[in-house]
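Work through the exercises below with the sequence and the model at hand. Each task is followed by a solution in steps.

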Amino acid sequence: MTMIVEARGLSKSYGKVPALRPCSLSIPAGRIVGVIGPNGAGKSTLINAMLGLINYDGDLKVLGHEPLTDRAALMREVSFIADVATLPRWIRVRDLLDIVAGIHPRFDRAAAEARLARTSVRPAARVRELSKGMIVQVHLAIVLAIDARLLVLDEPTLGLDLINRRAFYDAILSDFFDESRSIVVTTHQVEEIEHVLTHVVMINRGEIVLDASIDALVERFTAVDVVDARAAEAQALNPVYARKSFGRTTYVFDSLPAGQVALLGEPRRVPLADLFVAIAGPQAASGEVA
Amino acid sequence: MKAFVTLIRSEFIEHRGGQFWTPMVVGALLLLLVVVGTFLNGSAVISLEVNDSGGVQIRTVGDIYDAVRAEKGETKAAPILQAMAYGSAYFYLLPATLIALIVSFFMLLSSMNAERVDRSILFWKSMPVSDFKVVLAKFVAATFGTLLIAVTISIAVTLIAMALASVGGPFRASPEWQLVTSLPVLLGTFATLMTACVFYVGWAAPVYGWIMLASAWAPRSALLYVVIPPVALAIFEALTFHSDYLWQEIASRLGFESLGLGFALGEQVLERAALAELLQGQVGQMAASTISLRFVAGLAVAALFLWAASEVRRRRSV
């Protein structure tokens, strides 16, 4: 299986403060990978290392390139949208397209213009004159017009309203993703993208606490809502996570046979947010899960 | 190469105000003065009434010529008048060059710093170009680009000013004016200026490289990081070795003396061919000034600073 990202002993420290503890990671091609974790967990550090934007220790290969020493070659095959508006504010939209067309050999200017023509963005407008939603549309038009193998999104919809967030991910899925391309995305709004993810990497306190495909997670973890009267039965099966709500408790079980779970109630897929709390939340950290 | 040219173009778009509009506006103002002076026979420009020792009342440019003739006598005045005519004909080239040098300095100062402040470095780093190529493009745009744009504009302004003066100027019929505006002198002057820009950047390159490195390194005020280390070194040198080699080196590289330029105008009357030859000789003198260990060492130091700036850009967390 072709890997888009392979890391061995990857780590990053700022002085004596570890931002990313030594970790190993493999992400296969053709996946939509969600990198999930709380603020300061090390998500952006991992992403920045993958893009060669920071110094790091250990071995890291992205699409066969070493990001730190071979960033220019890597960026021929990778597109990137960061968590903040990074387009130069002084530039006009049409000049920006000119510049990208002159720099990026895989940029299709006509495709970017066609996408922008469907928006309210004026080509003569300067980036600083655009709203945040419009700036994202411009950036998206550029990124989607690049024939890249990997798209990296670091909290790309931060500060956008619901409609723009939805439109953003719809565009990514319909116009970028296919079997040969991969997406790595970090976001706080896990609920919005979890239905499209095929792979998850969970990070907590600079440590990768989970790296698995969604299929493997579905097979391994099961959630079930149990009425309070049967709580003792559920506790006896050692759930990894429990959350009380209105006379019932949601339990998450790890590697428990489906038949056993079904005795307690209707088994269902575990939401990623719950799974993250189960694995990396305060209960997990203190050993007091459920 | 296409990417490199595009990066330079991007720098021009970002700094169009300083690189293009500043010399344009100053040139337009000077042209306005020329127009007013030309059609009011210079009296609008020279409004002072000065009585020189020859008793000539100076109200126009022509009066100045008369005053020099009266003061020095026809023979001694001739080379001075020729130098004055040359200075009048090419008057805009100097301020345009000085403006360009100031713009260059501020472009270099913000070149590596501004993109980090507004976070646009994240966008530029998502493009498939190496950090060294970006740094080199910024250097070329801020130095050669700024100077050559300013010089090109100044040449256009000079030609327009000459055309206006030839139509109605006070000294259009004078032999000095006709000589200094003849084609060989015109081309010689412009070629000398263009070449001077290129060689000037070569001499000043280590200082410019240092400014870029300090800009890349500076966490906040780039100006402080540019100024403090050389000032501290110069003070250390003065206190320890009682010398001022560093200051002398910086001053000579930023000044024009390293170019080896030397005009003999004003000392003797030069014929058209001699004047054109004198100008061509300047190009040769400038070229000769580069065949020295000092020049090559300066380029090596500049290359080192630019490489270091690109490494800082590459490795620094964004």
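**Exercise 1: Chain B as a whole**

Task: Describe the contacts, burial and secondary structure of chain B in this predicted model.

Solution.
- Step 1. Among the contacts in chain B with a separation of 6 or more, 77% join residues 24 or more positions apart.
- Step 2. Chain B has 318 residues, and 39% of them are buried.
- Step 3. The secondary structure of chain B consists of 14 helices and 2 strands.

**Exercise 2: One residue of chain B**

Task: Locate B:Arg253 and decide whether B:Arg253 is buried or exposed.

Solution.
- Step 1. Helix α12 of chain B covers residues 245–254, and B:Arg253 belongs to this helix.
- Step 2. Count the other C-beta atoms within 10 Å of B:Arg253: there are 20. A residue is buried if this count is 20 or more, so B:Arg253 is buried.
- Step 3. Set aside the neighbours within four places in sequence; the contacts of B:Arg253 are then B:Trp203, B:Ala204, B:Pro206, B:Val207, B:Ser258 and B:Gly298.
- Step 4. For a distance, take B:Val140, 113 residues from B:Arg253 along the chain: the two C-alpha atoms are separated by 17 Å.

**Exercise 3: The sheet of 6 strands in chain A**

Task: Give the strand order of the open sheet of 6 strands in chain A, and find which strands are at its edges.

Solution.
- Step 1. The order is β5-β6-β7-β3-β8-β9 in chain A, and the pairing is mixed.
- Step 2. Strands β5 and β9 (207–213) of chain A pair on one side only, and these are the edge strands.
- Step 3. From one strand to the next, the twist averages 15 degrees.
- Step 4. Look at one pair: β3 (residues 32–36) and β8 (residues 199–204) of chain A are parallel and share 4 bridges. Within this pair, A:Ile36 has A:Met202 in β8(A) as its bridge partner.
- Step 5. Add the helices. Helix α1 (residues 43–50) of chain A packs on this sheet and touches β3, β6 (150–154), β7 (182–186) and β8 of chain A, with its direction at about 150 degrees to that of β6(A). Helix α11 (residues 272–280) of chain A lies across β3, β8 and β9 of chain A, at about 40 degrees to β8(A).

**Exercise 4: The sheet of 3 strands in chain A**

Task: Explain why β2 and β4 of chain A each have one side without a neighbour in the sheet.

Solution.
- Step 1. The strand order of this open sheet is β2-β1-β4 in chain A, with antiparallel pairing.
- Step 2. Strands β2 (17–28) and β4 (57–62) of chain A are at the edges and have a single partner strand each, so one side of each has no neighbour in the sheet.
- Step 3. The twist here averages 15 degrees from one strand to the next.
- Step 4. Strand β1 (residues 3–14) of chain A runs antiparallel to β2(A), and 8 bridges join them. In this pairing A:Tyr14 is opposite A:Val17 in β2(A).
- Step 5. Helix α1(A) packs on this sheet, where it touches β1, β2 and β4 of chain A, and its direction makes about 120 degrees with that of β1(A).

**Exercise 5: Where chain A touches chain B**

Task: Find how many residues each chain gives to the contact, and which element of chain A gives the largest share.

Solution.
- Step 1. Chain A gives 22 residues and chain B gives 21 residues.
- Step 2. On the side of chain A, the elements that give two or more residues are α2 (71–74), β5 (78–81) and α3 (93–103).
- Step 3. The largest share on this side is from α3(A), with 4 residues.
- Step 4. By kind, the residues on the side of chain A are 14 nonpolar, 5 polar and 3 charged.

Methods
Residues are numbered from 1 along each chain as its sequence is written. Chains are lettered from A and ligands numbered from 1 in the order in which they are written. This is a predicted model: local features need pLDDT of at least 70, side-chain atom pairs count only at pLDDT 80 or more; totals for chains, interfaces and linings use all residues. Two residues are in contact if their C-beta atoms, placed from the backbone, lie within 7 Å. Ala, Val, Leu, Ile, Met, Phe, Trp, Tyr, Cys and Pro count as nonpolar, Asp, Glu, Lys and Arg as charged, and the others, Gly among them, as polar. A residue is buried if 20 or more other C-beta atoms lie within 10 Å of its own, exposed if 12 or fewer, and partly exposed in between; C-beta atoms are placed from the backbone. Two strands pair if DSSP finds at least two bridges between them. Axes are lines fitted to C-alpha atoms, for helices over the stretch in contact, and angles run from 0 to 180 degrees between N-to-C directions.
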